[in-house]
Amino acid sequence: MSITTSARRDRALYLQCACTALVAVGAAYASYRHGRAFALRFGADEATAGIWPLIVDGLLMVATVELWKTGHSRHADGRWTAWVAFVFGICLSLCANIAAAPVLSVFSVAVAACPPLALLLAVELLNRALKRHHIETTDNTETANETDETDETTRATEPVVRLAAVPAGSLPSAGPTAEQRMWVYYVTERSKGRIPTGAELDRIAGTNNYGRRVLRQWKMSDRLLSAV
């Protein structure tokens, strides 16, 4: 992904966040007025009627934040709970807004029901955009890491290729390769009852992000079994 495309998508995400915040502010204002009138109409006193819309809006806020958090995580265990709380809050707000309609006609109900429904759709669209942005960012990072590992592997194997192209006897015998030094260290540590990590192998051989690749190659070729 080019830098220009990434910057354009970031600006689009910021704009979507700002629009969702605008929808949330408008929905909160309308829901507070209608919720207070709804509570007064159905038996609440003045103090309770003033608090009731804040309870509903607070539930919606907590559920919205939880949805955004689980949208960034690969393990969204609490997502269904957040959706239950969010839908419950939307239903309460929807009831209060519809009950506040002066006349139960199609257009008056549509006007009264617009704020909570608009908030519901805006939050879901933003949640999808955040998840998509997180996936794209993760994929780009993994691609960059794989490219670095490939470059490091090429640099580590170039001396061996050059030596193989030189006639025997024309150069003094070269020292052990990076992979050979890693293998000696790996066998030594396994004899002590521990398993070295890729970072340790890089430190021993003086390479960068090459140890993990070597470990994967050894595992695929069943070479690690001989070190046990």
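Buried, for my purposes, means under 20% relative accessible area. I'm working on a predicted model here, so everything below is computed from it.

**Entry 1: salt bridges**

I looked up the salt bridges and got four for the structure. I then went after the ones that share residues. Glu189, Lys192, Arg194 and Glu200 turn out to be linked in a network of salt bridges.

I walked through that network pair by pair. Glu189 pairs with Lys192 through their side chains, at 3.7 Å from N to O. Glu189 also meets the side chain of Arg194, with an N to O distance of 2.8 Å. Arg194 in turn bridges to Glu200, again side chain to side chain, and I noted 2.8 Å, N to O. As a reminder to myself: side chains of opposite charge can pair when their charged atoms come close.

**Entry 2: accessibility in the network**

Next I asked myself: is Glu200 buried or exposed? Glu200 sits at 11% relative accessibility, so I put it down as buried, given the cut-off of under 20%. Glu189 goes in the buried column too, because its relative accessibility is 8%.

The basic partners took two more look-ups. Lys192 has a relative accessible area of 60%, so I logged it as exposed. Arg194 comes out at 33% relative accessibility and therefore counts as partly exposed.

Put together, my sketch of the network has buried Glu189 bridged to exposed Lys192 and to partly exposed Arg194, with Arg194 going on to buried Glu200.

**Entry 3: the cavity**

I switched to voids. How many cavities of 30 Å³ or more does the structure hold? I found one. The largest cavity has about 30 Å³ of space in it.

I pulled the lining residues next. They are Ser31, Gly35, Trp52, Pro53, Val56, Asp57, Ser93 and Ala96. I wanted to know which helices they come from, and α1 (3-41), α2 (46-72) and α3 (79-99) each give at least two residues to the lining. α2 has the largest share, with four residues.

Last check was residue class. I got four nonpolar, three polar and one charged residues in the lining of the largest cavity. Trp52, Pro53, Val56 and Ala96 are the nonpolar ones on my list, and Asp57 is the charged one. Ser31, Gly35 and Ser93 go down as polar.

Methods. Residues are numbered from 1 along each chain as its sequence is written. This is a predicted model: local features need pLDDT of at least 70, side-chain atom pairs count only at pLDDT 80 or more; totals for chains, interfaces and linings use all residues. Side-chain values use heavy atoms; hydrogens and water are left out. Buried means under 20% relative accessible area, exposed over 50%, partly exposed in between (1.4 Å probe, protein chains only). On a 1 Å grid over the protein atoms alone, a cavity is a set of points where a 1.4 Å probe fits but cannot get out, and a pocket is an open set with protein on both sides within 12 Å along at least five of seven lines; lining residues have an atom within 4 Å of a point. Grid points are joined across faces, edges and corners, and a volume is the space filled by probe spheres set on the points.
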